[in-house]
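Reader: Hi, I'd like to chat through this structure before I go back to the bench. Could you walk me through it?

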Amino acid sequence: MKLRIREAARILGVSISTLRRWENEGKIQAERTAGGHRVYDMAKLRSIAAHRLPESKALTTLVYVHAPDPESLRQRVARITEYCDRQRWKIELVKDAAVVEQNKSLQLLIQRISSGAAARLVLPSRSDLFRFGSDILLSLCDQFSVEIVIANLPD
């Protein structure tokens with residue numbers, strides 16, 4: 001996915017003039033549109049961001065957990081958190097225990113994925129992928145180069 005200079009600067013947390021300077025210094029490469037505007041490859045920006053951002057601004061791992069009741073939710077959160085800890089992933093947990101909360105969870109996932117702040121989306125099981133409709137999440141994650149990880153944990 002190609003991004004204009006404003007979005008690229010936002011993802012890297014720098015000013016537009018800094019991106020222009022980095023291009024002049026050969027630190028970053030931009031492509032040009034037919035009209036001469038700079039565009040940047042999202043995957044290359046993510047690689048740069050991962051190496052230069054401080055830990056507090058590093059790309060996160062989104063973790064979505066759903067369960068029908070609070071006790072099941074607590075157990076699923078514990079299992080997926082342990083899984084992510086073993087991978088040494090910094091996580092942002094999105095969880096819900098009621099059908100009403102699913103819309104809020106979906107909105108939050110869409111917002112975080114489309115902001116460019118997520119490196120991956122972790123789901124405890126394949127059934128969680130279908131909770132919102134797999135086409136939506138797969139397409140969105142593909143568009144923003146977000147890896148989807150299915151942990152295959154027991155329910």
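**A chat about the sheet and its surroundings**

Author: Happy to. T60 in β4 stands opposite A118 in β6. Please keep in mind that this is a predicted model.

Reader: Thanks! How many bridges join β4 to β6?

Author: Four bridges join them, and the two strands run parallel.

Reader: And how many bridges join β4 to β5?

Author: Six, again with the strands running parallel. One pair to look at there is V65, which stands opposite K95 in β5.

Reader: What order do the strands of the open sheet have?

Author: The order is β5-β4-β6-β7, an open sheet of four strands with parallel pairing. Its edge strands are β5 (91-96) and β7 (147-150), each of which pairs on one side only. Neighbouring strands of this sheet are turned by 20° against each other on average, direction ignored.

Reader: How many bridges does β6 have with β7?

Author: Strand β6, residues 118-123, pairs with β7 over four bridges in the parallel sense. If you want a residue pair to click on, V122 has V149 of β7 as its bridge partner.

Reader: Back to β4 for a second. How many of its residues are buried?

Author: Seven of its seven residues are buried, so the strand is mostly covered. That holds on both faces: T60, L62, Y64 and H66 are buried on one side, and T61, V63 and V65 are buried on the other.

Reader: Which strands does helix α4 lie across?

Author: Helix α4 (residues 70-87) lies across β4 (60-66), β5, β6 and β7. The helix runs at about 155° to β4.

Reader: What comes between α4 and β5?

Author: A loop, and R88 is in it. Phi of R88 is near 65°, a positive value in a residue other than glycine.

Reader: Is R88 buried or exposed?

Author: R88 is exposed, because its relative accessible area is 78% and the cut-off for exposed is over 50%.

Reader: Which other residue has a positive phi without being a glycine?

Author: N152 has one, at about 55°. You'll find N152 in the segment after β7. N152 counts as exposed because its relative accessibility is 59%.

Reader: New topic: cysteines. How many disulfides does a search of the whole structure find?

Author: Zero.

Reader: Are C84 and C141 buried or exposed?

Author: C84 is buried, with a relative accessible area of 0%. C141 counts as buried too, at 1% relative accessibility.

Reader: How many aromatic pairs does the search find?

Author: One aromatic pair turns up in the whole structure. Y83 and W89 form it, edge-to-face, at 6.1 Å centre to centre with 70° between the planes. The pair counts as edge-to-face because the planes are 70° apart and the cut-off is over 60 degrees. Y83 is buried, and so is W89.

Reader: I was also looking at E23. Where is it?

Author: E23 is in helix α2, which covers residues 16-24.

Reader: Is E23 buried or exposed?

Author: E23 is buried: its relative accessible area is 18%, and buried means under 20%.

Reader: What does E23 touch?

Author: Not counting residues up to four places away in sequence, E23 touches I28, A30, R32, R38 and Y40.

Reader: And where does S125 lie?

Author: S125 lies in the loop between β6 and α6 (126-129). It is buried, with a relative accessible area of 9%. S125 and P154 are 29 residues apart in sequence, and their C-alpha atoms are 7.6 Å apart in space.

Reader: Last thing: what pLDDT does the protein average?

Author: The average is 82, and 88% of the residues score at least 70. Among the elements, strand β2 (residues 31-32) has the highest mean pLDDT, 92, and helix α3 (residues 42-52) the lowest, 69.

Reader: Where does pLDDT stay under 50?

Author: Over residues 53-57. For that stretch the model has five contacts beyond four places in sequence.

Reader: Great, thanks for the tour!

How values were computed. Residues numbered from 1 in each chain as written. Predicted model: local features only at pLDDT ≥ 70, side-chain atom pairs only at ≥ 80, totals over all residues. Heavy atoms only, no water. Disulfide = S-S within 2.5 Å. Buried < 20%, exposed > 50% of the residue type's maximum accessible area, 1.4 Å probe, protein only. Contact = heavy atoms within 4.5 Å. pLDDT = per-residue confidence, 0-100. Phe/Tyr/Trp six-rings, centres within 6.5 Å; stacked < 30°, edge-to-face > 60°. Pairing = 2+ DSSP bridges. Axes fitted to C-alpha atoms, helices over the stretch in contact; angles between N-to-C directions.
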